[in-house]
Amino acid sequence: RPVIFSVKMVNIRRATISDLMLMQHCNLNCLPENYNLRYYLYHGLLWPQLLHCAEIPGKGKIVGYVLAKMEDEDGDAPHGHITSISVMRTHRKLALASNLMHASERSMVENYGAQFCSLHVRETNTAAKHLYAQTLGFLKADQEKGYYADGENADYMKMPLSPPMFPHPHAEIQRRREEEQRRKAEEARRVKEAAEATRSEASKDEAGQAQEKPAKGDHAKVPKKKKH
């Protein structure tokens, strides 16, 4: 299970099926919105690349996770949706939530070509809305009345991810795009130079052939034989 990056002695990596029960335990300890294990399995089997967890190395303890999926209903552009994200209270203020989000968003783009990411957040959850809007770049797109089981409204937020909307904020993906653009430009330059060289050689050959052919009127005149 390769580590994507580490933050303050906590490893962030892609989650596996064996992590799902620990992710559920983290959810039960942190959030009022809880899901049965079948729902975690549903995400893990259909979109395994999008699930990530924060783990204390050597202990196997999950202290944070992100549960995400892909959506393309009603003809919308392919996009990812954050189903749930949580970090244990003992490990907050370490940027784990934002790094878990970055890892999942990156996977949405690299594996599914997602054009944007969406999520729901409680209308009164000012701390979470500050993270999404100020740190991660999400914008409120709509509000859904009575979205949560207790009747509270949800803000529906979106963040563009892919080139059609604006350059992706993740440095690694941007670096790869720039390398691909440079490679294509270099290939186009080589093709152009080769075409110009071919034309130049063809012009030289034509000029050489023209010099070898005698011009009209330049043939040596053969003297006529005199009649005896």
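These are my notebook entries on what I looked up in this predicted model.

**Entry 1: overall layout**

I began with the secondary structure, and the protein has five helices and eight strands. Following the chain along its sequence, I wrote the order down as β-β-α-α-β-β-β-α-β-α-β-β-α. Of the 228 residues in the protein, 37% are buried. I then looked up the accessible surface, which comes to about 14600 Å², with 53% of that area belonging to carbon and sulfur atoms. For the contacts between residues at least 6 apart in sequence, I noted that 59% join residues at least 24 apart.

**Entry 2: the nonpolar core**

My next lookup was the largest nonpolar core, which has 41 residues. The residues with the most contacts inside this core are Met 23, Ile 82, Met 101, Met 108, Leu 119, Tyr 132 and Phe 138. Which strand gives the most to this core? I found that it is β4, residues 61–71, which contributes seven residues. I kept a general remark beside this entry, namely that nonpolar side chains tend to be buried together in soluble globular proteins.

I took Tyr 132 as an example and listed its contacts, leaving out residues up to four places away in sequence: Ile 85, Met 101, Leu 119, Val 121, Gly 137, Phe 138 and Met 157.

**Entry 3: two residues of strand β5**

Thr 83 lies in strand β5, which spans residues 79–87, and Ser 86 is found in strand β5 as well. Is Thr 83 buried or exposed? Its relative accessible area is 16%, and because buried means under 20%, Thr 83 is counted as buried. Ser 86 has 5% relative accessibility and also counts as buried.

I then compiled the contacts of each residue, again without counting residues up to four places away in sequence. Thr 83 touches Tyr 35, Tyr 39, His 43, Leu 67, Ala 68 and Lys 69. Ser 86 touches Cys 26, Cys 30, Leu 31, Val 63, Gly 64, Tyr 65 and Leu 100. I also looked up the C-alpha separation between Ser 86 and Val 66, which are 20 residues apart along the chain, and it is 6.7 Å.

**Entry 4: the cysteines**

Since Cys 26 and Cys 30 both appear among the contacts of Ser 86, I turned to the disulfides, and the structure holds zero of them. Why is there no bond at Cys 26? The closest cysteine sulfur is that of Cys 30, at 4.3 Å, which is too far for a bond, because a disulfide needs the two sulfur atoms within 2.5 Å. Cys 30 is likewise in no disulfide, with the sulfur of Cys 26 as its nearest cysteine sulfur. Both residues are buried, Cys 26 with a relative accessible area of 1% and Cys 30 at 11% relative accessibility.

**Entry 5: salt bridges**

A search of the whole structure gave me 12 salt bridges, and I followed some of them individually. Side chains of opposite charge can pair when their charged atoms come close.

The side chains of Arg 122 and Glu 33 form one salt bridge, at 2.5 Å from N to O. Arg 122 lies in strand β6 (residues 116–122) and Glu 33 in the loop between α1 (20–30) and α2, so this pair ties together parts that are 89 residues apart in sequence.

Arg 122 also meets Glu 152 in a salt bridge, at 2.7 Å from N to O. Glu 152 sits in the loop between β7 (139–144) and β8 (154–160), so this second pair with Arg 122 ties together parts that are 30 residues apart in sequence. Through shared partners, salt bridges join Glu 33, Arg 122, Asp 150 and Glu 152 into one network. Within that network I checked the burial of two members: Arg 122 counts as buried at 14% relative accessibility, and Glu 152 counts as buried at 16%.

I recorded another salt bridge between the side chains of Lys 69 and Glu 71, at 3.5 Å from N to O. Lys 69 is buried, with a relative accessible area of 16%, whereas Glu 71 counts as partly exposed at 23% relative accessibility. Lys 69 had already come up as a contact of Thr 83.

**Entry 6: a surface patch**

Lastly I looked at the surface, where Ile 17, Leu 41 and Leu 45 make a nonpolar patch of about 270 Å². Leu 45 is found in helix α2, residues 37–46, and is exposed, with a relative accessible area of 63%.

Terms used
Residues are numbered from 1 along each chain as its sequence is written. This is a predicted model: local features need pLDDT of at least 70, side-chain atom pairs count only at pLDDT 80 or more; totals for chains, interfaces and linings use all residues. Side-chain values use heavy atoms; hydrogens and water are left out. Patches are made of residues with over 30% relative accessible area and no salt bridge: like charges are joined within 9 Å, nonpolar side chains (Val, Leu, Ile, Met, Phe, Trp, Tyr) within 5 Å. Accessible areas come from the Shrake-Rupley method with a 1.4 Å probe; for residues, only the protein chains shown count as cover. A salt bridge is a side-chain nitrogen of Lys or Arg within 4 Å of a carboxyl oxygen of Asp or Glu. Helices (H or I, at least four residues) and strands (E, at least two) are DSSP runs, numbered from the N terminus. Buried means under 20% relative accessible area, exposed over 50%, partly exposed in between (1.4 Å probe, protein chains only). Contact means heavy atoms within 4.5 Å. A nonpolar core is a set of buried Ala, Val, Leu, Ile, Met, Phe, Trp, Tyr and Cys residues joined through side-chain atoms within 4.5 Å.
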